[in-house]
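Reader: I would like a close look at one helix and its surroundings, followed outwards through the side-chain pairs that tie the chain together. Please give the cut-off behind each term, as I would want to reproduce the values.

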Amino acid sequence: MIDLRSDTVTRPTEAMIEAMARAEVGDDQFGEDPSVNRLQERVAALLGKEAALWVPTGTMANQVALRTLTRPGDDVVVAAGAHVVWSETGAGAANAGVQFTELGGDAGHFDGDTFAAAVKPAGHVILPPTTVVSIENTHNRSGGRIAPLTAMEHVCRVARDLGVRSYLDGARLWNAAVATGHTTAELAESFDLVWVAFSKGLGAPGGSMLAGGREIITRAHRHRRMLGGAMRQIGSFAAAAEHALDQHVDGLATDHANAAMMAEILTSTEEVPIDVSTVETNMVLFTPPAGGPTSAQVVELAAGQGVAALAFGPAIRLVTHRDVTTTECREAAELLVGVISESQGTRR
């Protein structure tokens, strides 16, 4: 099976497993795991922040961030289709008691003027106060689109002027950095708090990291504990992340090239119009032609021929990663063209 459902399906390499087995460990709740401490210092530096905090998952990172930066009843501004709204089973409402205002179109970002117009003031007798603005980079539901650096800086500048905290959901920030040539510190600089993942394109088995000012990270410690994310001897996860940072970041460029190649192949059939310029990182998002099989049906047909994809509402999402080769990506795209063309009676 050529698995293109997500870059989370990647598995640790033998070298990563060896690094995990050799890791020094200690009790992280007491701040005594040397591997975690070293990773936190390294990632804080990579993101240009004072301190960092390891958390088990990206969803927990988002939830810790919301609890740290907001109070129940607050309003959080996000881009339309944000992961924290659509892919966390209502956790923002259940855990932090916040509501969300979604802005922008299908590109996954918005500008500072649009944000300013949506901000609800503090102290209003009716309106919930906007206390956080969150940007997801890259943006999952738009197909891995990159939030432009100038737009992010503008939003964060407006947020500071209005007394609103800024938060960067950087689940695939490594991809954005490789694609744009900006450093992760440059992409994170304007934000009060940011998180990054090690378990997606970098191929580690788990773990994410929040980074920000020391005061914010100190408060985040408490909320990580409340949500059950404080663990013990987790140095093996930190060692996997260190190995990934050392060995796997450059490989993201290959993932991006494979996604672009797949998009080009898919556009060879008239039934799949894809603007290839929107394939900016390691995702391809396309909608099957009207009148034919639904996205779920196309995914089912493809699975029967050895390609695993993900139905993303009416669209289909393909995600390239280090565990699929360029040859496999080409084969998968050609198979999908065949499935779609056959369903339309136009097989070439």
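Author: The answer starts at one helix and then moves outwards.

This is a predicted model, in which local features need pLDDT of at least 70 and side-chain atom pairs count only at pLDDT 80 or more, whereas totals for chains, interfaces and linings use all residues. Residues are numbered from 1 along each chain as its sequence is written, and side-chain values use heavy atoms, with hydrogens and water left out.

The helix is α7, residues 149–162 (helices are DSSP runs of H or I with at least four residues, strands are runs of E with at least two, both numbered from the N terminus). With 14 residues at 1.5 Å a residue, α7 should span 20 Å (the expected span being 1.5 Å times one less than the number of residues), and its end C-alpha atoms are indeed 20 Å apart, which agrees. Within α7, the residues L149, A151, M152, V155, C156, V158 and A159 are buried (under 20% relative accessible area, with exposed meaning over 50% and partly exposed in between, using a 1.4 Å probe and protein chains only). These buried residues pack against α6 (112–118), β5 (130–136), β6 (165–170) and α9 (184–188). Just after the helix, G163 takes a positive phi of about 75°.

From β6 the path leads to a salt bridge (a side-chain nitrogen of Lys or Arg within 4 Å of a carboxyl oxygen of Asp or Glu). The side chains of R165 and D192 meet in such a bridge, at 4.0 Å from N to O. This pair links distant parts of the chain, since R165 belongs to strand β6 and D192 to the loop between α9 and β7, 27 residues apart. D192 is partly exposed at 21% relative accessible area, and R165 is likewise partly exposed at 30%.

Strand β7 (residues 193–197) begins with L193, which is buried, with a relative accessible area of 0%. The C-alpha atom of L193 is 6.3 Å from that of L168, 25 residues away along the chain. Leaving aside neighbours within four places in sequence, L193 is in contact (heavy atoms within 4.5 Å) with residues including S166, Y167, L168, A65, L69 and I216.

Another salt bridge joins D27 and R232, at 3.1 Å from N to O. Here too the pair links distant parts: D27 is in the loop between α1 (14–22) and α2 (34–46), and R232 is in the loop between α10 and α11, 205 residues apart. D27 counts as buried at 12% relative accessibility, whereas R232 is partly exposed at 39%.

An aromatic pair also reaches α11 (rings of Phe, Tyr and Trp, the latter by its six-membered ring, with centres within 6.5 Å; planes under 30 degrees apart count as stacked, over 60 as edge-to-face and the rest as tilted). The count of such pairs comes to two. One of them is formed by W54 and F237, tilted, with 5.9 Å from centre to centre and 45° between the planes. Because W54 lies in strand β2 (residues 51–55) and F237 in helix α11 (residues 235–247), this pair ties together parts that are 183 residues apart in sequence. W54 is buried at 2% relative accessible area, while F237 is partly exposed at 27%.
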